[in-house]
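Subject: The structure we talked about

Hi,

Here is the structure for you to open on your side. Have a look first, and then read my notes below.

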Amino acid sequence: MKSAIKKIQFISLMVFLTAVVFLLLLITCNKKDSEKSEVENSDRLILGFSQIGSESAWRSRNTQSIFEAAKDSGIQILFDDAQQKQENQLKAIRSFIVYQVDVIAFVPIVEDGWDNVLTEAKEAGIPVIVVDRQINADESLYAGFLGEDGLEEGRRAARFLVDKCADMQGPIKIFELSGTENSSVVRERSNGFRELIFQHSKFEIIHSEDGDFLKSRGKEIAEKLIQANIDSGNQENDALYFEGRRIDVIYSHNDSMTLGLLESFANYGINPADSIIISIDAEQNSIDALVAGKLDCVVECNPNLGPMLMTLVKQIHEGKEIPRTTYNEETIFTENDDFSLYTPRGY
């Protein structure tokens, strides 16, 4: 009897020991798999990206393009929405540095104020790509710029206007809806436009107002103009006036402001058929307005920067130099186009 009990105890001990050994082997294997996964994940390129916000369909598409391209390229993104505040972007870039991302890319809200944080990134050995808008900073602090040619966008708008007004006598009075103050794209779109129209004495910019690239500001500015016209007795359903002078041309730096303007026109029953309206971006809604005869010209600013950005990020990560400036391909849409050839914009 005692012998049988000892035999059972021995068998139980052996089963227990076997289970322990199996459990230890399982834990060891899982640990190795986990470590392998961590190594594989650590090899994945990480991009820290700071976007200025989501103020328009254009900006949302710009962000979406970057996420899509990152996924296709196997690049991980740490994303931050600055909500139109430079201080938020500075914090985000510093958090990317602490996290030790491989590359930083950001869309600067304004041109100035980046030297210190870019110096910190350089000292940490993290290359930086400036996207969409240019900055005023030592070029040695960032790898390159990717975005639109704002000067050429302004020139394209001016060329259309000059051609359209070839047979008109002056003065031709222009009201400018400008974008965010102190941003590079505002300076470039303004300078490119003026560079060409001021070669003709009949053109005159009678006013330029900051609409901050926002639909709400475009609507607000239009309503202020309309109310001033009503108060002065100059209100007409087919025209706008600024300080008693009829506005012949509206040059808007982006579609959001333009669409806000058109919304105000509709609310007050104004149909400025004799006014020339030029916008920049080429969102679907502005193209629809062009087709409907509400706009005369839309200059494209292409938001689809994602694929080119990922190519540049990979080149930098491989230790290669990238061009100082890379421009996206863009075009222009006008009232003279064959609208049947248009395809959906996707934003």
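Which residues of helix 4 (residues 115–123) are buried? Keep in mind while you look that this is a predicted model. The buried ones are V117, L118 and A121. They sit on the same side of helix 4, because the arc they cover around the axis is only 100°. Turn to the face directed away from that buried side and you find the exposed residues N116 and E123. As for what the buried residues pack against, the partners are helix 3 (86–99), strand 3 (103–106) and strand 4 (128–132). After helix 4 comes G125, which has a positive phi, near 75°.

Now the overall picture. The protein chain has 10 helices and 14 strands. Of its 347 residues, 47% are buried. If you take the contacts with a separation of 6 or more, 74% of them are between residues 24 or more positions apart. The accessible surface of the chain is about 17300 Å², and carbon and sulfur atoms account for 51% of that.

There are two sheets I'd like to walk you through.

The parallel sheet. This one is open and built from six strands, in the order 2-1-3-4-5-13, with parallel pairing. Its edges are strand 2 (76–81) and strand 13 (325–327), each of which pairs on one side only. On average, neighbouring strands here are turned by 20° against each other, ignoring direction. Helix 10 packs on this sheet and touches strand 1 (46–51), strand 2, strand 3, strand 4, strand 5 and strand 13. The direction of helix 10 makes about 170° with that of strand 4.

Strand 5 (residues 144–147) is a good place to zoom in. It pairs with strand 4 in the parallel sense, over four bridges. Within that pairing, I129 has G144 as its bridge partner, and V131 has L146. Strand 5 also runs parallel to strand 13, and three bridges join the two. There, G147 is partnered with Y327. And which way do the residues of strand 5 point? G144 and L146 go one way, F145 and G147 go the other, and all of them are buried.

While you are there, click on V313, which belongs to helix 10 (residues 306–317). Is V313 buried or exposed? Its relative accessibility is 0%, so V313 counts as buried. Setting aside residues up to four places away in sequence, V313 touches L45, L47, I75, V103 and I129. It is also worth placing V313 relative to A143: the two are 170 residues apart along the chain, and their C-alpha atoms are separated by 10.0 Å.

The mixed sheet. This is another open sheet of six strands, in the order 7-6-10-11-12-14, and here the pairing is mixed. The edge strands are strand 7 (203–210) and strand 14 (332–334), each pairing on one side only. Neighbouring strands are turned by 15° against each other on average, again with direction ignored. Strand 12 (residues 297–300) and strand 14 run antiparallel and are joined by three bridges. In that pair, C297 stands opposite T334 in strand 14. Helix 5 (residues 150–164) lies across strand 6, strand 7, strand 10 (249–252), strand 11 (276–281), strand 12 and strand 14. Relative to strand 11, helix 5 runs at about 160°.

On to the cysteines. How many disulfides does the structure hold? Zero. As a reminder, a disulfide is a covalent bond between the sulfur atoms of two cysteines. Two cysteines you can look up are C165, buried with a relative accessible area of 0%, and C297, which also counts as buried at 0% relative accessibility.

One loop residue to finish. T180 is in the loop between strand 6 (172–178) and helix 6 (184–197). Although it sits in a loop, T180 is buried, because its relative accessible area is 9% and the cut-off for buried is under 20%. Apart from neighbours within four places in sequence, T180 is in contact with R133, V186, D210, D212 and F213.

Shout if anything looks odd when you open it.

Cheers

Methods: Residues are numbered from 1 along each chain as its sequence is written. This is a predicted model: local features need pLDDT of at least 70, side-chain atom pairs count only at pLDDT 80 or more; totals for chains, interfaces and linings use all residues. Side-chain values use heavy atoms; hydrogens and water are left out. Buried means under 20% relative accessible area, exposed over 50%, partly exposed in between (1.4 Å probe, protein chains only). Contact means heavy atoms within 4.5 Å. The arc is that of the directions from the helix axis to the C-beta atoms. A disulfide is a pair of cysteine sulfur atoms within 2.5 Å. Two strands pair if DSSP finds at least two bridges between them. Axes are lines fitted to C-alpha atoms, for helices over the stretch in contact, and angles run from 0 to 180 degrees between N-to-C directions. Accessible areas come from the Shrake-Rupley method with a 1.4 Å probe; for residues, only the protein chains shown count as cover.
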